[in-house]
Amino acid sequence: MLIVVLLAGGLLGLLALNTALNEGSFELSRLQKQTTVATDEQQSLQHEIDQNSAPDALARRAGELGMVPAGGMAFLDVPNGGKVLGTPGAAQDSPPVKRSTAEPWPTKAQPGAAQPGAGPAPAAPQPGGAASPAAPPPPPPVPTPAASAGDSVIQLNPASPAAGAKPSGGAGR
């Protein structure tokens, strides 16, 4: 009887051990599959970043924003006494340059201003309880980029300097 109980206990222990190992195997398989999916997603995102940061893609996007290539460049050779290498030149805005319709810096809405897409404000109730058939209320003021608190207006391609004015030769932004 003792030998039968020991054999039954050993078989049950072996069955429990085998079940635990199989559960671990299934968990390992699930985690490997999840890792493969995450690695594939990371590689596709890295490929997209590489494509968008290529020089031709950057030049195309800059052109869409209305930027033009820089003119002649000059460099300072600081170790050799600050000698100027190269000839500086202004960037040439040769027409036609497609101007961007995209807003590179979104403007902040002023507090109290109506949000775009919001309907007109409801009419104020009259003392008799009926709405006034008078003219509709004026539209809310639309914030301009210069009117937004803390924002500054940046012109990407300012008009060329007046005739006879010399270019500053400084780095433009």
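Helices here are DSSP runs of H or I, at least four residues, numbered from the N terminus. That is the sense in which I will say helix α1, and what you have in front of you is a predicted model.

Let me start with the fold. The protein chain has 2 helices and 2 strands. Read from the N terminus, the order is α-α-β-β. The chain holds 173 residues, and buried residues are 3% of them. Its accessible surface is about 15,000 Å², with 64% of that on carbon and sulfur atoms. Now the contacts: of those with a separation of 6 or more, 46% are between residues 24 or more positions apart.

Next, confidence. Mean pLDDT for the protein chain is 73. Residues at 70 or more make up 55% of the chain. Two stretches fall under 50. One of them is residues 116-124, where the model has 1 contact beyond four places in sequence. The other is residues 158-170, with 0 contacts beyond near neighbours in sequence. Where pLDDT is low, the predicted coordinates should not be read in detail. I will leave those stretches there.

On to the salt bridges. How many are there in the whole structure? The search finds 3.

Take helix α1, which spans residues 2-52. Glu27 and Arg30 form a salt bridge between their side chains, at 2.6 Å from N to O. Why can these two be paired along the helix? They sit 3 residues apart in helix α1, so about one helical turn separates them. As for exposure, Glu27 has 37% relative accessibility and is partly exposed. Arg30 is partly exposed too, at 45%. The cut-offs matter here: partly exposed lies between 20% and 50% relative accessible area, so both residues fall in that class.

The other pairs are in helix α2, residues 55-64. Glu64 meets Arg60 in a salt bridge with an N to O distance of 3.6 Å. Those two are 4 residues apart, about one turn of the helix. Glu64 also meets Arg61, this time at 3.3 Å, N to O. Here the spacing is 3 residues within helix α2, so again the separation is about one helical turn. Which residues end up in one network? Arg60, Arg61 and Glu64 do, joined by salt bridges that share partners.

Exposure for that group runs as follows. Glu64 is at 32% relative accessibility, which counts as partly exposed. Arg60 is partly exposed at 49%. The cut-off for exposed is over 50%, so Arg60 at 49% does not qualify. Arg61, with a relative accessible area of 41%, is partly exposed as well.

Last item, the nonpolar surface. Which residues make the nonpolar patch? Leu11, Leu14, Leu17 and Leu21 make it, and its area is about 440 Å². One of these, Leu14, belongs to helix α1. Is Leu14 buried or exposed? Its relative accessibility is 53%, so Leu14 counts as exposed.

To recap: the chain runs α-α-β-β. Glu27 and Arg30 are paired in a salt bridge, and Arg60, Arg61 and Glu64 make up one network. Four leucines, Leu11, Leu14, Leu17 and Leu21, form a nonpolar surface patch. Residues 116-124 have pLDDT under 50, and residues 158-170 are also below 50. That is all I have.

Definitions and conventions
Residues numbered from 1 in each chain as written. Predicted model: local features only at pLDDT ≥ 70, side-chain atom pairs only at ≥ 80, totals over all residues. Heavy atoms only, no water. Buried < 20%, exposed > 50% of the residue type's maximum accessible area, 1.4 Å probe, protein only. Contact = heavy atoms within 4.5 Å. Areas by Shrake-Rupley, 256 points an atom, 1.4 Å probe, with all protein chains shown as cover. pLDDT = per-residue confidence, 0-100. Patch = residues over 30% accessible without salt bridge, like charges linked within 9 Å, V, L, I, M, F, W, Y side chains within 5 Å.
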